[in-house]
Amino acid sequence: MTFVVTDNCIKCKFTDCVEVCPVDAFHEGPNFLAIDPDECIDCTLCEPECPINAIYPEDDVPAGQEGFTALNKELAKAWPVITVRKDALPDAKEWENKPDKLKLLER
């Protein structure tokens with residue numbers, strides 16, 4: 001099983017999770033993070049580090065967000081690895097917990 005970054009990360013991109021990942025499974029895009037399912041070892045360390053609850057075990061992805069599993073896999077192949085915490089996006093707090101942000105994802 002892998003962990004999946006979901007909709008709430010879009011336009012927020014808090015990176016608290018990347019520092020605790022022992023296998024460098026996180027990849028960074030312009031306004032979203034993705035987890036490479038081929039690298040993720042299901043260690044559970046990242047999930048509690050996410051301040052906006054955007055990371056879920058693959059089997060517990062919220063209803064309607066199941067497509068993020070395939071999206072994480074796709075984007076992780078295209079984006080560079082991130083291993084160091086960075087500041088969140090400047091207007092992250094404004095976007096936190098807003099629904100249906102997939103259309104705002106920048107590739």
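A polar contact is a pair of N or O atoms within 3.5 Å. In this predicted model, the backbone nitrogen of Asp100 lies 3.2 Å from a polar atom of the Asp7 side chain.

Asp7 itself is found in the loop between strand 1 (3-5) and strand 2 (26-28). Although buried, Asp7 has no salt bridge, and Lys101, the nearest side chain of opposite charge, is 5.5 Å away. Beyond its neighbours within four places in sequence, Asp7 contacts several residues, including Gln65, Phe68 and Leu102.

The structure holds 7 salt bridges, and three of these pairs are tabulated here.

| Acidic residue | Basic residue | Closest N to O |
|---|---|---|
| Glu28 | Lys13 | 2.8 Å |
| Asp38 | Lys77 | 2.9 Å |
| Glu74 | Arg107 | 2.5 Å |

Glu28 belongs to strand 2 and Lys13 to the loop between strand 1 and strand 2, so this pair ties together parts 15 residues apart in sequence. Both Glu28 and Lys13 are buried, and together with Lys86 they are linked in a network of salt bridges. Asp38 lies in the loop between strand 3 and helix 1 (46-49) and Lys77 in helix 2, so parts 39 residues apart in sequence are tied together. Glu74 is partly exposed, at 43% relative accessibility, while Arg107 is exposed, at 58%.

The largest nonpolar core has 31 residues, of which Phe26, Phe32, Ile35 and Ile55 touch the most other members. Strand 1, strand 3 (33-35) and helix 2 (67-78) each give two or more residues to this core, with helix 2 giving the most, 4 residues. Ile35 touches, among others farther than four places away in sequence, Phe3, Phe26, Ile55 and Ala76.

Definitions and conventions: Residues numbered from 1 in each chain as written. Predicted model: local features only at pLDDT ≥ 70, side-chain atom pairs only at ≥ 80, totals over all residues. Heavy atoms only, no water. Buried < 20%, exposed > 50% of the residue type's maximum accessible area, 1.4 Å probe, protein only. Lys, Arg positive; Asp, Glu negative; His and termini not counted. Salt bridge = Lys/Arg side-chain N within 4 Å of Asp/Glu carboxyl O. Polar contact = N/O pair within 3.5 Å; in protein donor to acceptor, adjacent residues only side chain to side chain. Contact = heavy atoms within 4.5 Å. Core = buried A, V, L, I, M, F, W, Y, C linked by side-chain atoms within 4.5 Å.
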